[in-house]
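Please open the structure in a viewer and keep the sequence panel visible. The tour below proceeds by selection, and each stop states what is to be found there.

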Amino acid sequence: MQRRDFSKVAAAAAAAAAGAGFAKNKHWTTPAPTATPAPTLAPTPAPTPAPTPAPSPVPVTGVPMGTNLSGMEWAKPGLRYGQSTMPNLNFTVPRKADVAYMAATGYSRNRLPIQWELLQPMLHDTYANAAAKAAIGNPGELHAGYAAYITGVLDAHAAAGIKCIIDCHNYCRYQDFRFQADGSVIGLAVPSNPLIRPYTTDASQVQVRIFALAAGATLKPSNFADFWTRVASQWMNHPGFGGYGLMNEPHDLPASGSTVASNGGEDLTIWPTFAQAAINAIRALDTLNPIYLSGNEWDAAMTIGTRNPAWPLAGANLVYEVHMYLDAFSNGYAFDYDTEVAKNYSAGFGTGSINLDTGMNRIKLATDWAAAHGVKLALTEVGMPLDDSRWEEMFRRAVNYARQQGVEIYTWMGGSHWPLHNYAINHAPGWHQNRTLEPCVSGPLKATAGFSQATLFDDGPGYAPSGTSITITVYARGFLASPVYLTVTSSNGGTLSKSTLVIPAGANGQDSYTFTSASNAVTTLAYSGNAQVPPPRKVYSLTDPVAYAATSLTDAAMAIIAKFGACKWEMADGYTDYLQGLPALDGQPVRAIADSGYGSSPGNAMEMINWINKDSGDSASIGLPVMRTTNGRQNTDHTVYNTWGFWCKKSESIAGIQPNPRNRIPYNMADPHFAIAAVSVPGTANTGVAFQASKTEAAYTSELRFTNSQPQAKWTDTNGQAVLLTSATRLVANTPAVVALTSVAGAQRLRVNSAVVGSAAATLAASQFTQMMIGWGYLNYYPRDGFMGNVYSVIAGKGAPTTSELAVLERYLASTAGIVI
């Protein structure tokens, strides 16, 4: 296998683009007869669907399954050198809502990756002077704040009736200061913000300790045993505690007699010596809770029987854990199925391409070993790439086999940290059509357990000029034990390819139909059936949408939005959470806004969500948008300083890794594009971002923003070329206005209330966007201040609407804010 590089260093992540920080680089019919419905139903508006009630969780019986609630282990690049240890920014604690959702969708145990250095900032045998101890903590002590985070996660599991494994995600390493002979640390600094850990200003005063047995080892079995003794003492009796994950993915340990990392030729006795010391320490206190024991060489399922000569170890209730990914090298960072097949290699087997049975066959190498030795097995990391149905079938076969063999299964990865959302392998829910959007990976897992639970959605174009057909797909997220039958009807004639849809039994099933609209029509397609159905959707074949504004401004605007496949987010659609949330009432925080335009497609919901963890008091300095009603119009209030707004985070196209991701932003810098927002500012000094399309890990951006309450349009491309347009006048305080930007090659415009107030003539370089944001921004891994105003609605899309079309869209957004322009 390739050598794994699980670095979260920003520079490396930037090179990996959308894979920032979690490169698991160790080592993805017959046409139906045509039916013409009678145009008898009156058009009905699409209601806001009621939230899906929280289903009863599956009883915690049988073989545990769940996910890795990733986030708490992400701060490694900023440990000891620099200030990148801020909660909700450099790492994120899973929310109570994350845990409750996992329980509600049938999962009984999760794995919580943690960072050893954050929990135990100073090893127990460190000689430190008074100043160092005052700053860092006493030798061996657990950090009270980080320990409280873990307790909170365990509390959430206990409240949900499920369990959580504490996983030391450190790869047999510990990043530490270099303590001088007098116990001092050169350059030691203590930030004024108590949430940020002490650091040194001198990079040479940071070292990486590694497990070793030779003389001069800087990380010894006694350190490891002390750590787990303290963890057991703290949490072994907690009702939400589910076991000890001793060490994630031991790899490249020193050769015999050495104390530095090897690149092949490691001493395979090092890790079992440390593991046995930890097992003995834990069992001296706790004889009951399971201990999860990983293997040498990245914990690969394929080598558990060949690279762990000391296995099995002595101890009761040991569970041997393995990791397995589906790509050619099983590294979890390659997502294009055909590219992986073309490599003509399969980890664990050598020459020969991966196939649909590869995952199952890799796991079989581990289960055969476990059966021969009479031990239990857990697959504590596995992922399902999203962009090809062959990955899903490969994953289905693998987890079915694992379940049949009694293997615990934990997907990579869930949680709330910002890079997880819509990553190519994830177990992070989203938001679509005012419902929680279950991750694709969950469907096959539910199927293995026979837990029938799913939600139906639909997606497709909404613009069908006379004589053209559009295809609409209705799809399930989750698992159906039996087929679901739906009827689709048209309110205004046209031709449906079929009127009965069948969502097949199984995981993530779907059915599609085509619709050919009548000429110059507005048509509502509605669903009925014996289960939850998607909301009605409108299809437009208007010959002149601009002229139609005299009849219906809303339909005229929606027809233009459909024509350009644009996104629309109305704050009146705000929900309290993207995890089983409810419609937000005045004064309530808003965490979820669904795309009510036409920018979404199957598997690519243009959600706007807010994931930050506000469960503990130490995040009080970060605010959430709050629902307000002003002059009868709902809006989200971002006026409190440091309010973090909404985020639509997507993937990046990466040649050879993920060339055509399904989850992607609808436009890039060099594309013709437009963004329009109905907003207000409370004063004369509002400065910051109102809407941004950009890339988290880079500096380029296309954004609507303000300086001293003056609207601006700003573009900065990947070459550093900058265009900044600024209105000569401020917005009137507390008076809504509509601001817009447009860009095509050689022409950029800033508009305020339909008037052009700034223009430029730049040709912007190709720069791939991976996110859109409302009320704030995020560039170069760091948040950018929001404009501290109120947002009513936003439209953004690819293309170049005419001046008249823009005016209709602007008038429509003005109406959402209760004004006329």
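**First stop: a set of parallel strands**

Begin by selecting Val 322, which stands opposite Leu 379 in strand E13. The model on display is a predicted one. Next, extend the selection to E10 and E13, which pair in the parallel sense over five bridges. Strand E13 covers residues 376-382, and six of its seven residues are buried.

Which strand does E13 also join, through three bridges? Select E14: E13 and E14 run parallel and are joined by three bridges. To find one of the contact points, display Ala 378, whose bridge partner in E14 is Glu 408.

From E14, proceed to E1, which pairs with E14 in the parallel sense over five bridges. Here Leu 69 stands opposite Gly 414 in E14. Strand E1 (residues 65-70) has six of its six residues buried, so it is largely enclosed by the rest of the structure. When side chains are shown on these strands, one general point is useful. In a regular strand the side chains alternate between the two faces of the sheet.

**Second stop: aromatic pairs**

Now display the aromatic rings; a search of the whole structure finds 40 aromatic pairs. Select Phe 177 and Phe 179, an edge-to-face pair with 6.2 Å from centre to centre and 85° between the planes. Both Phe 177 and Phe 179 are buried.

Then select Phe 335 and Tyr 423. Why is this pair edge-to-face? The ring centres of Phe 335 and Tyr 423 are 5.7 Å apart, and the pair counts as edge-to-face because the planes meet at 85°, where the cut-off is over 60 degrees. This pair links distant parts of the chain, with the two positions 88 residues apart. Phe 335 belongs to the loop between strand E10 (318-323) and helix H9 (337-342), while Tyr 423 belongs to the loop between strand E14 (408-415) and strand E15 (430-432). Phe 335 is buried at a relative accessible area of 4%, and Tyr 423 is buried at 3%.

**Third stop: the nonpolar cores**

Select Trp 271, Phe 211 and Trp 228, which belong to one aromatic cluster that also includes Trp 116 and Tyr 174. The largest nonpolar core has 128 residues. Which residues have the most contacts inside this core? They are Phe 211, Trp 228, Leu 246 and Trp 271. Centre the view on Trp 271 and show its surroundings: among the residues that Trp 271 touches are Cys 172, Leu 246, Met 247, Pro 250 and Trp 311. A second, separate core of 44 residues includes Cys 648, Met 669, Ile 774 and Ala 796. In soluble globular proteins, nonpolar side chains tend to be buried together.

**Fourth stop: helix H14**

Select residues 553-563, which form helix H14; eight of its 11 residues are buried. The buried residues of H14 include Asp 555, Met 558, Ile 560 and Ile 561. To see what covers them, display strand E24 (522-529), strand E25 (537-540) and helix H15 (803-816), which are among the elements that the buried residues of H14 pack against. After H14, select Gly 565, whose phi is positive, near 55°.

**Fifth stop: cysteines**

How many disulfides does the model contain? The count comes to zero. Select Cys 172, which is buried with a relative accessible area of 0%. The closest cysteine sulfur to that of Cys 172 is in Cys 168, at 8.6 Å, which is too far for a bond, because a disulfide requires sulfur atoms within 2.5 Å. Cys 440 is likewise buried, at 10%. The sulfur of Cys 440 is 15 Å from its closest cysteine sulfur, in Cys 648, and this is again too far for a bond.

**Final stop: two loop residues**

Is Lys 695 buried or exposed? Select Lys 695 in the loop between strand E33 (688-694) and strand E34 (701-707). Lys 695 counts as buried, at 8% relative accessibility. The side chains of Lys 695 and Glu 652 are joined by a polar contact of 3.2 Å.

Last, select Leu 585, in the loop between strand E26 (567-570) and strand E27 (592-593). Leu 585 is exposed, with a relative accessible area of 54%. Add Phe 177 from the second stop to the selection: Leu 585 and Phe 177 are 408 residues apart in sequence and 49 Å apart in space, C-alpha to C-alpha.

Methods. Residues are numbered from 1 along each chain as its sequence is written. This is a predicted model: local features need pLDDT of at least 70, side-chain atom pairs count only at pLDDT 80 or more; totals for chains, interfaces and linings use all residues. Side-chain values use heavy atoms; hydrogens and water are left out. Rings of Phe, Tyr and Trp (its six-membered ring) pair if their centres lie within 6.5 Å; planes under 30 degrees apart count as stacked, over 60 as edge-to-face and the rest as tilted. Buried means under 20% relative accessible area, exposed over 50%, partly exposed in between (1.4 Å probe, protein chains only). Helices (H or I, at least four residues) and strands (E, at least two) are DSSP runs, numbered from the N terminus. A nonpolar core is a set of buried Ala, Val, Leu, Ile, Met, Phe, Trp, Tyr and Cys residues joined through side-chain atoms within 4.5 Å. Contact means heavy atoms within 4.5 Å. A polar contact is a pair of N or O atoms within 3.5 Å; within protein, one must be able to donate a hydrogen and the other to accept it, and residues adjacent in sequence count only if both atoms are side-chain atoms. Two strands pair if DSSP finds at least two bridges between them. Lists of a residue's contacts leave out its neighbours within four places in sequence.
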